[in-house]
Amino acid sequence: MTVQGITKVQELIYTTKVETVMAPNVVVIGPDRSMADARELMRSKRITGAPVLAGDRIVGIVSMSDVIDAMEQGQLIAPVAAYMTEQVRTVSKEASLMEAVHDLGRQGYSRLPVVDEDGKLVGIVTTGTIIRALLREMDVSFQKKEAERLQTYRASHIFEDIASDDTSVILRHIVDDKDFANAGKASSVIKKSLQRLGFLPPLVRRVAVAVYEAEMNLVIHTDVGGEIIVEIRQDRLIVSAVDHGPGIENLQQVLQPGYSTAPKWIRDMGFGAGMGLTNIKRCSDTMSLLSEPGAGTRLDIAFVFGEYLSGAKRRAGKKS
Amino acid sequence: MKIQEVVDILAARILVENHGLDEEVPTGGAADLMSDVLAFGAEGMVLMTGLTNPQVIRTAEVAGIRVIVIVRDKTPPRETLKLALESGVTIINTGYTMYEACGRLFKAGLPGLGQVKMRGNSW
């Protein structure tokens with residue numbers, strides 16, 4: 001945490017411009033004003049120094065220690081010009097914050113007037129303004145990062161980042177039989193994963209619906225549960241719902257819309273209308289059902305990307 | 001139609017609020033058969049249903065349904081409300097029957113999906 005914090009501060013110091021951390025409203029004083037005026041100005045504005053301006057030209061800088069010098073010598077009536085520092089170190093508003101930090105820290109300056117390309121005073125930096133700006137920047141960049149992470153996180157780049165002759169991503173979900181409390185959970189997680197992978201909403205919906213129907217079939221009809229495997233390849237997505245029992249007696253019959261063997265309590269929940277496989281067939285490109293009584297069932301559902309090819313995958317495709 | 005209008009027209013009670021009430025819902029539909037919901041459900045739609053079990057929420061989530069209207073003033077069980085909170089679906093309930101809830105919304109201008117084709121990839 002500490003290491004990260006330091007790195008972040010260093011990064012900000014190098015990348016931030018003086019312009020963004022300076023205080024833009026500079027309190028200034030004329031060279032002909034008295035040191036008593038300077039003392040009053042610093043006291044009322046709660047500052048410890050001010051640039052001395054003749055017209056719009058910086059002619060010096062006067063600080064609290066100059067005021068103390070004048071007081072000790074009983075010269076508060078003397079003009080600012082007599083006590084000010086004439087050699088003024090300024091910094092360009094375009095300079096990196098690094099330059100200002102170097103002058104303030106190593107060179108012992110307490111404040112640096114900030115000038116534009118014409119040498120005109122546009123602001124002032126002190127250690128105080130820099131610390132305030134850094135705190136603000138860190139807070140903003142932290143919030144920005146969080147927002148980005150939450151809203152725009154996409155995993156689609158894995159197809160671009162990982163090279164092979166045929167890359168595919170496999171999502172494996174275990175589905176327990178008769179576990180109604182969690183039925184549909186795998187579908188919901190798969191839907192989110194596909195969104196993160198950058199697939200377009202219409203395809204995500206089709207896959208989610210098919211996976212959900214398949215998942216409900218595993219929950220309702222199997223006695224040992226099963227597995228849902230989603231394989232995402234360059235050009236297609238294949239969903240397989242596999243279980244080891246009890247198998248289907250008559251394949252032709254279960255493919256009839258409206259045919260169902262679901263018990264009443266399942267129907268009362270709004271399922272078991274015999275439309276599951278019909279729905280799956282309708283929203284997929286190809287579907288194949290293999291089963292043997294006593295051995296188990298395997299349902300393979302394929303979605304060919306075609307027009308649904310997402311932006312990210314399209315880019316990946318072009319590359320290869 | 002705004003969610004707030006749906007609430008007003010149905011004199012509904014908001015049970016789980018996951019959307020701003022000034023957000024728009026494009027279409028409406030009604031079913032007690034979850035497979036039907038999956039077959040005709042459209043992104044963002046309002047679903048009228050008499051079912052209250054947690055699977056309704058799952059189904060809505062998968063089908064992209066934004067608002068569920070539970071008809072005949074049924075109160076869903078805790079698990080359903082909890083799941084809705086997590087999955088980002090808004091639930092309201094109304095004292096009207098399914099028929100009347102649909103009728104009132106349709107009359108007020110919330111469209112359905114027209115004729116749904118049951119053949120081919122009509123998505």
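Two residues are in contact here if their C-beta atoms, placed from the backbone, lie within 7 Å. With that in hand, welcome to this predicted model, and let us start with chain B. Among its contacts with a separation of 6 or more, 52% are accounted for by residues 24 or more positions apart.

## Chain B as a whole

Chain B has 123 residues, and 44% of them are buried. Its secondary structure comprises five helices and five strands. If you follow the sequence along, you will meet them in the pattern α-β-β-α-β-α-β-α-β-α.

## Helix α4 and its surroundings

A good place to look more closely is helix α4 of chain B, which spans residues 78-87. Which of its residues are buried? They are T80(B), L83(B) and A84(B). These residues lie on the same side of α4(B), because they cover an arc of only 105° around the axis. This fits a common pattern: an α-helix has 3.6 residues a turn, so residues three or four places apart point the same way. The cover over the buried residues of α4(B) includes β1 (13-16), α3 and β5 (90-93) of chain B. Just after α4(B) comes G88(B), with a positive phi near 80°.

## Two helix pairs

How do α3(B) and α4(B) sit against each other? Their axes come within 8 Å and cross at roughly 20°. That angle is under 35 degrees, so α3(B) is roughly parallel to α4(B). The crossing in which α3(B) passes α4(B) is right-handed. On the α3(B) side, the contact is made by P54(B), V56(B), I57(B) and E61(B), while α4(B) brings E79(B), T80(B), L83(B), A84(B) and S87(B). Sorted by class, this contact has five nonpolar, two polar and two charged residues.

Chain A offers another pair to explore. Helix α10 (residues 201-221) of chain A packs with helix α13 (residues 276-283) of chain A at an angle of about 155°, and their axes are 9 Å apart. The two helices are therefore roughly antiparallel to each other. Here α10(A) passes α13(A) in a left-handed crossing. From α10(A), the residues R206(A), V209(A), A210(A), E213(A), A214(A), M216(A) and N217(A) take part, and they meet G276(A), N279(A), I280(A) and C283(A) in α13(A). In this contact, six residues are nonpolar, three are polar and two are charged.

## Where the chains touch

The contact between the chains takes 22 residues from chain A and 19 residues from chain B. On the chain B side, α2 (34-40) and α3 (54-63) each supply at least two residues. The most comes from α3(B), with six residues. By class, the side of chain B that touches chain A has nine nonpolar, six polar and four charged residues.

## Backbone details to look for

Two residues of chain B that are not glycine have a positive phi:

| Residue | Phi | Loop | C-beta neighbours inside 10 Å | Class |
|---|---|---|---|---|
| A11(B) | about 45° | between α1 (3-9) and β1 of chain B | 10 | exposed |
| R72(B) | near 55° | between β4 (67-70) and α4 of chain B | 13 | partly exposed |

Over in chain A, a cis peptide bond joins G245(A) and P246(A), with omega about 5°. You can find P246(A) in the loop between β8 (236-243) and α11 (251-254) of chain A.

Terms used: Residues numbered from 1 in each chain as written. Chains lettered and ligands numbered in written order. Predicted model: local features only at pLDDT ≥ 70, side-chain atom pairs only at ≥ 80, totals over all residues. Axes fitted to C-alpha atoms, helices over the stretch in contact; angles between N-to-C directions. Helix = DSSP H or I, 4+ residues; strand = E, 2+ residues; numbered from the N terminus. Parallel < 35°, antiparallel > 145°, perpendicular 65-115°, else oblique. Left-handed = near helix turned anticlockwise from the far one by under 90°. Nonpolar A, V, L, I, M, F, W, Y, C, P; charged D, E, K, R; others polar. Buried ≥ 20, exposed ≤ 12 C-beta atoms within 10 Å, placed from the backbone. Arc of directions from axis to C-beta.
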